[in-house]
Amino acid sequence: MKKRQIATVLLLMMFCMFPFRQLAQAAVPGLDPLHVEGTRLVGSDGKPVQLRGISTHGLAWFPEYVNEDCFRQLSQEWNANVVRLALYTEEYGGYCSGGDQEALKALVRSGVEYATRQNLYVILDWHILSDGNPQTHRQEAREFFREMSQEYAEYTNVLYEICNEPNGGTTWQEIKSYAQELIGVIRANDPDGVILVGTPNWSQYVDQAAADPIQDQENLMYTLHFYAATHRDELRSRMTAAVEAGLPVFVSEYGISSADGGGHIDQAEADRWVAAMDRYGISYVAWNLSNKDEASAILLPSCTKTSGFDQWDLSGSGRWLYQTLGGKQ
């Protein structure tokens, strides 16, 4: 086993053993509850709310960034108001592919508590990728979201993302069927929480959801993902057309690199995306909080810190994100 894998296992064991329920008792879920009106997220006063922040990389691979000092810095210095906890279902150490499920759930719980105490909204991301079709692990998803929605029904800052990036030819009808089932599971415990629904082709075909949205449910949004060095006017126009057609869109993952997370970064195109999202009040969450040796990671591979990042620790993506979120000098 590689040193990184050994370290990851030890970290996950630590989170599994950590008394997270003591954290839960101390946490005060006091952030303004959100709901969906028309195409926008709004607060309890009816005023529009835009969430802007960052996603972790896979929790099984980079658990060390789920710590309160890191989340405090993101909130207080980076001006983020949301973090996304990416729980991979497949891949090495995934929740449904041999990973330690109890340790991973403990890490999610710790992430929720840290986020709550640091006045951050938090997205529980069921991160399907190589499994392609969310139906593949439907039963595991049911069990996970049943448990999480029972625990966090009273939290006003928790959002549920039920399928990250359906792909491999998965149709909107297959996704919609899965979503309707998972929505029912969550609503049995949490009748008001905001639920994010993936769309076909790596969460790009929001036009298909706009043409046939899920009916008779409230507080749903539909996800679109982009990578600025790959996706430009065509996908951006699809996003804005869907919103203009009445679809509530949430960009739960984006990067300023190419779609594989590598390659060059395109800050000019990223700025065009931000301008469009800001114009329509669309929330957006950047990929990713790690020091992985790829362009989309916000930290340089040489950075061994897990909090207290300075400008010298940041990659090109990290420096752009810090400035875009309005980070404090």
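This passage describes the overall fold of the chain and then a few of its local backbone features.

The model is a predicted one, and its chain contains eleven helices and ten strands. For 329 residues, a compact globule would be expected to have a radius of gyration near 20 Å, and the value of 18 Å computed for the chain agrees with that expectation. The C-alpha trace extends over about 50 × 45 × 40 Å when taken along its principal axes. Of the 329 residues, 60% count as buried, and among the contacts with a separation of 6 or more, 77% are made by residues that lie 24 or more positions apart in the chain.

The surface exposed by the chain amounts to about 13,000 Å², of which carbon and sulfur atoms supply 49%. The chain carries 26 positive and 42 negative charges, and the mean positions of these two sets are 3 Å apart.

Helix 6, which comprises residues 172–187, has 16 residues and should therefore span 22 Å at 1.5 Å a residue; the distance of 21 Å between its end C-alpha atoms agrees with this. The buried residues of helix 6 include the aromatic side chains of Trp 172 and Tyr 178, together with Ile 175, Ala 179, Leu 182, Ile 183, Val 185 and Ile 186. Lys 176 and Arg 187 also belong to the buried residues of this helix.

Several backbone features call for separate description. Most residues other than glycine have a negative phi, and most peptide bonds are trans. Against this background, the peptide bond that leads from Trp 287 to Asn 288 is cis, with omega near 10°, and Asn 288 itself is placed in strand 10, which covers residues 284–289.

Two residues other than glycine were found with a positive phi, namely Asn 79, at about 70°, and Ser 203, near 55°. Asn 79 is located in the loop that connects helix 3 (68–76) with strand 4 (82–88), and Asn 79 counts as partly exposed because its relative accessibility is 40%, a value between the limits of 20% and 50%. Ser 203, by contrast, is located in helix 7, which covers residues 200–203, and with a relative accessibility of 0%, under the limit of 20%, Ser 203 therefore counts as buried.

Key:
Residues numbered from 1 in each chain as written. Predicted model: local features only at pLDDT ≥ 70, side-chain atom pairs only at ≥ 80, totals over all residues. Heavy atoms only, no water. Helix = DSSP H or I, 4+ residues; strand = E, 2+ residues; numbered from the N terminus. Rg over C-alpha atoms; globule rule 2.2 N^0.38 Å. Buried < 20%, exposed > 50% of the residue type's maximum accessible area, 1.4 Å probe, protein only. Contact = heavy atoms within 4.5 Å. Areas by Shrake-Rupley, 256 points an atom, 1.4 Å probe, with all protein chains shown as cover. Lys, Arg positive; Asp, Glu negative; His and termini not counted. Charge placed at Lys NZ, Arg CZ, Asp CG, Glu CD. Expected span 1.5 Å × (residues − 1).
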